[in-house]
Structure formats: structure tokens, C-alpha cells
Amino acid sequence: MPVIRQDDLIQSVADALQYISYYHPKDFIDAMHAAYQREENPAARDAIAQILINSRMCATGHRPICQDTGIVTVFVHVGMNVRWETDMSLDDMINEGVRRAYTNADNVLRASVLADPDGKRSNTGDNTPAVIHHKLVPGDTIEVHVAAKGGGSEAKSKFAMLNPSDSVVDWVLEQLPKMGAGWCPPGMLGIGVGGTAEKAMELAKEALLDPIDIQELQARGASNRAEELRLELYDKVNRSGIGAQGLGGLTTVLDIKVKDYPTHAANKPVAIIPNCAATRHIHFRLDGSGAAELPVPKLEDWPEIAREANGNVRRVNLDTVTAEDVRAWQPGDTVLLSGKLLTGRDAAHKRMVDMLAKGEPLPVDMRGRFIYYVGPVDPVRNEVVGPAGPTTSTRMDKFTRTMLEQTGLLGMVGKAERGPIAIEAIRDNQAVYLMAVGGAAYLVAQAIKKSRVVGFEDLGMEAIYEFEVEDMPVTVAVDSLGESVHRTGPAKWKEIIAERA
């Protein structure tokens with residue numbers, strides 16, 4: 001009877017979380033490279049290039065792929081013949097592994113988990129607790145799947161209790177536009193069908209742990225209903241034209257995963273959970289012989305890609321840019337930002353809007369300036385800042401008009417599309433919204449040459465920083481007239497794809 005020692009599980013979980021913070025799975029790299037090679041939309045192709053370049057940099061630098069290092073989900077299957085050598089519960093051992101991983105001084109990971117979620121929302125400081133699913137199974141080993149799921153893609157999850165006669169395909173395609181691009185496509189969609197409400201969501205999450213193998217399925221054909229759904233949805237979702245980062249293009253999903261479970265005769269529960277460009281998961285087994293040994297990838301697993309020069313590149317000095325300059329920018333333009341850039345996300349915006357309502361002065365003058373929606377990872381060694389990719393911009397939509405009209409803010413930088421109320425505010429104030437690529441956080445951080453906190457230091461990673469940047473790459477996503485590339489791009493490429501069918 002194998003004996004699993006306490007520290008073997010703890011250290012294996014810690015090692016796994018460090019590992020997936022900077023190593024993409026090889027199947028993901030291969031699928032993303034294939035998408036890059038076939039992409040025809042220059043903006044989408046450049047977005048994929050940034051993701052692949054970032055991935056290679058993280059693999060060599062051992063720093064996080066994304067600044068959102070995720071909430072940890074663990075699926076653990078415990079063999080019924082296993083004996084434990086521990087004085088801790090299974091959950092406590094796993095959470096201790098999470099704690100060690102996220103506070104590792106050599107590669108600090110961002111703590112994003114908040115206790116009292118509808119109250120004080122106080123950061124637990126070490127990203128615990130994880131979300132843990134247990135199953136007792138026959139055997140004498142422990143099988144562990146560890147994943148770190150970003151909040152942007154998790155926020156786009158959908159669930160419905162369909163009628164038995166309703167079409168799963170129709171429902172998924174109906175939800176797709178509502179999900180926007182905040183889940184950082186191209187990635188995967190996990191779909192759970194059946195069981196009960198909570199079972200469908202669990203199935204969808206667990207489906208994302210499977211390897212990318214849609215091409216093999218296409219070659220051999222479907223053998224059951226779940227595989228039929230995969231093939232039909234993979235084709236139809238990619239025909240939507242949404243494309244990388246929602247910019248329009250040929251690849252929206254790299255794979256569709258479907259798991260199903262028997263359900264009540266009156267129900268058809270269905271869930272969608274997307275996985276983003278920061279796909280992070282790994283499987284390991286413990287058999288009593290010690291901690292898990294995780295395979296070190298080869299550098300040649302990553303393609304060597306250089307970003308291609310684009311004819312409509314604008315170099316912008318943030319310290320001298322004017323409202324008149326901004327009015328000349330066009331949707332889809334590539335902009336390289338240099339100069340002083342403020343940061344702020346949910347908590348900072350909420351506090352600023354509350355202060356403005358009370359007539360209180362803000363900690364920093366925002367007239368004529370740009371703000372970047374980001375919560376960076378803490379720096380290590382000689383870094384100015386840790387990985388610092390954008391967060392989902394739509395969460396700031398409700399604050400946008402107040403910020404533009406009462407602070408004199410000129411522009412914003414974030415991830416994915418803006419909603420109607422934000423676009424109207426941008427148009428009315430002749431401001432601009434720029435999009436940085438989600439899933440390229442370490443690459444973006446290389447453009448940040450100085451960093452200091454200038455407000456709300458108590459908010460930690462959500463404080464207001466002032467970055468000094470040099471040639472930080474962004475795309476004009478909403479111009480001063482309210483034209484959005486996230487509307488025009490997918491519509492154009494949907495038509496192109498339809499014409500080729």
C-alpha cells in the first residue's frame with residue numbers, strides 16, 4: 001500500500017503552479033503557431049505574434065505569462081488504496097502548496113483572491129483558498145490536475161437551463177457575441193451538458209484540462225454526440241469572424257471541448273467556460289515515491305517569431321500628446337506609447353468616482369493624460385515592474401463618462417472591447433481607447449522603464465502607479481468619433497469567411 005507524504009503533495013502543487021505560470025502547454029503553443037501561420041488579418045496576426053513572443057520570453061525568464069496569475073482550481077482523484085502520512089486535511093495540503101507557490105521570492109505570483117466577496121473584499125495575500133474538487137477512485141495513486149484561471153476569461157462564463165428540445169449549438173452561438181473579447185481569444189471553450197446546474201459548470205471547467213486535438217477528431221470523425229457538438233461548434237464559432245483579441249480574423253477558438261452527464265428528464269443544463277491565451281494547467285501523479293517530477297520543455301518547442309512592421313504605426317509621446325493629435329487616430333492604427341502613463345483599475349476607479357462625488361481632490365492630476373487598466377505582478381530582482389498586461393476594460397465602463405468629464409482624462413488603455421455606454425462617453429468627449437494584447441504581460445512589461453505609486457498605495461496591485469514607458473505597443477480600438485474596431489473587424493471577417501464557404 002503506497003504512502004503519500006504530506007510535503008510531497010504540498011511541494012508538488014507548489015511546483016506545478018510555478019511551472020504553469022511561465023510554461024504554456026506544448027499543444028497550446030503548436031495550435032497558436034498554426035493559427036498565426038494561417039491568419040490573414042494583420043491586426044489579429046500581430047496579436048497572436050505578441051502572445052507567442054511573450055510565451056517564449058516567459059519560458060526563458062521564468063516569469064508569469066499573464067499578470068493575472070489566476071485563481072487556482074484543482075481536480076484531485078485519490079486512489080482508495082492510498083495511505084497518508086500527514087496531520088493535515090487534503091484541502092489544507094493543497095492550499096499550503098498554493099501559498100508556497102504564490103509567495104515564492106524567485107517568481108512572485110499576483111495574489112488575486114478576495115475574502116468576503118460581497119463585503120470588504122479583502123485580499124487573502126497568498127491566493128488561497130483554491131477551488132478543489134475531490135473524487136475517490138479505485139487504485140493506489142493520486143492523480144492531480146492543477147489549473148490557474150484568470151478572472152477575465154472566468155467572467156465570461158455562461159450558464160442556462162435549457163428546455164430538453166432546445167439546441168445547444170444555437171444557445172452557444174447566441175452567447176458568443178455577449179462574451180465579447182475579454183476572454184482573450186483565441187483560446188478554448190469548455191462546454192458542460194447535463195447533470196444539474198453545478199455539475200454542468202464543473203464539467204465545463206474540467207473539459208478545459210483536455211489537450212487540444214480537434215484536428216485529430218476532424219480526421220477520424222465523431223463517435224458520439226459530444227464529439228459531434230465539438231466539430232459543429234468549432235466550425236461555426238470560427239466562422240463568426242471574431243478573431244484574435246476580438247479584432248476580426250480566421251481563428252476565434254483553437255478547440256472546443258464538451259463533457260456531458262446524465263440529467264433529469266425535464267432539464268438540459270448547459271454551461272460555457274472559456275480558457276484564454278494564458279492557458280495554464282498541468283497533470284501529475286503521486287505514487288509514494290516522492291514529489292512529482294515535471295518535464296522541462298525544450299526551447300525549440302516555441303517558434304521564433306518577430307513582429308512584422310506595419311505601415312500605419314504611430315509613435316506617440318504621452319507627455320506632449322494633445323486632444324487634436326488624438327482626433328487624427330484611426331481604428332486599427334498601431335501606436336507605440338512613450339512617456340508617463342498612469343494606471344488604475346476597478347478599486348481605484350470606484351474610489352476616484354466616490355471622491356469626485358464628494359468634491360474631494362484626486363491624488364493625481366489626470367488632465368490630458370492616459371490611464372492603463374492594469375494590476376501588475378510585483379517585481380523581482382532588478383525588474384522595474386512584474387508582468388503588466390491589461391485587464392478587461394468593460395469593467396470600467398460605468399466609470400468612463402465621469403472620469404472623462406470630471407478629470408480631463410484624454411485616453412484609456414485596456415483589454416478587449418468597450419461597451420455602448422463607454423463608447424458614447426468616448427465619442428462625446430472626443431477621447432480615445434487603446435487596446436493592449438491580453439496574454440502578453442511579460443512582453444508589455446519590457447516597455448516599462450520606471451514605476452512608482454502615486455495614489456491609493458493601500459490598494460496594493462490596484463493602486464495608481466505612474467509608469468514611464470518606451471514604445472509600448474497598442475492598437476486604436478475606439479477613436480474619437482466612437483468607431484470601434486471590435487465592431488468593424490469581426491463584421492468584416494465574418495463576411496470574408498462566408499464568401500469563401
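**View 1. Where domain 1 and domain 3 meet in this predicted model.** Put together, domain 1 and domain 3 bury about 1900 Å² between them, and 59% of that area sits on carbon and sulfur atoms. Three residues, Arg63, Gln67 and Arg110, supply 35% of the area that domain 1 buries against domain 3, more than any other three residues. On the contact count, 19 residues of domain 1 touch 26 residues of domain 3. Step back a little, and the C-alpha centres of these domains are 28 Å apart.

**View 2. The salt bridge between Arg63 and Glu383.** Here the side chains of Arg63 and Glu383 come together, with N to O at 2.7 Å. How many salt bridges cross the interface of domain 1 and domain 3? The rule finds one. Polar contacts turn up here too: 11 residue pairs across this interface, both partners at pLDDT 80 or more. As for the kinds of residues on the domain 1 side that touches domain 3, 10 are nonpolar, five are polar and four are charged.

**View 3. How the chain is split up.** Domain 1 takes in residues 1–150 plus 293–310. Domain 2 covers 151–277, and domain 3 runs over 314–489.

**View 4. Asp8 and its neighbours from far along the chain.** Look for Asp8 in helix 1, which spans residues 6–22. Is Asp8 buried or exposed? Asp8 counts as buried because its relative accessible area is 13%, and the cut-off for buried is under 20%. Leaving out residues up to four places away in sequence, Asp8 touches Leu286, Gly290 and Ala291. The C-alpha atoms of Asp8 and Ala292 are 7.5 Å apart, although 284 residues separate them along the chain.

Conventions. Residues numbered from 1 in each chain as written. Predicted model: local features only at pLDDT ≥ 70, side-chain atom pairs only at ≥ 80, totals over all residues. Heavy atoms only, no water. Helix = DSSP H or I, 4+ residues; strand = E, 2+ residues; numbered from the N terminus. Buried < 20%, exposed > 50% of the residue type's maximum accessible area, 1.4 Å probe, protein only. Contact = heavy atoms within 4.5 Å. Domains from an automatic or database assignment. Buried area = accessible area lost by both parts, 1.4 Å probe. Salt bridge = Lys/Arg side-chain N within 4 Å of Asp/Glu carboxyl O. Polar contact = N/O pair within 3.5 Å; in protein donor to acceptor, adjacent residues only side chain to side chain. Nonpolar A, V, L, I, M, F, W, Y, C, P; charged D, E, K, R; others polar.
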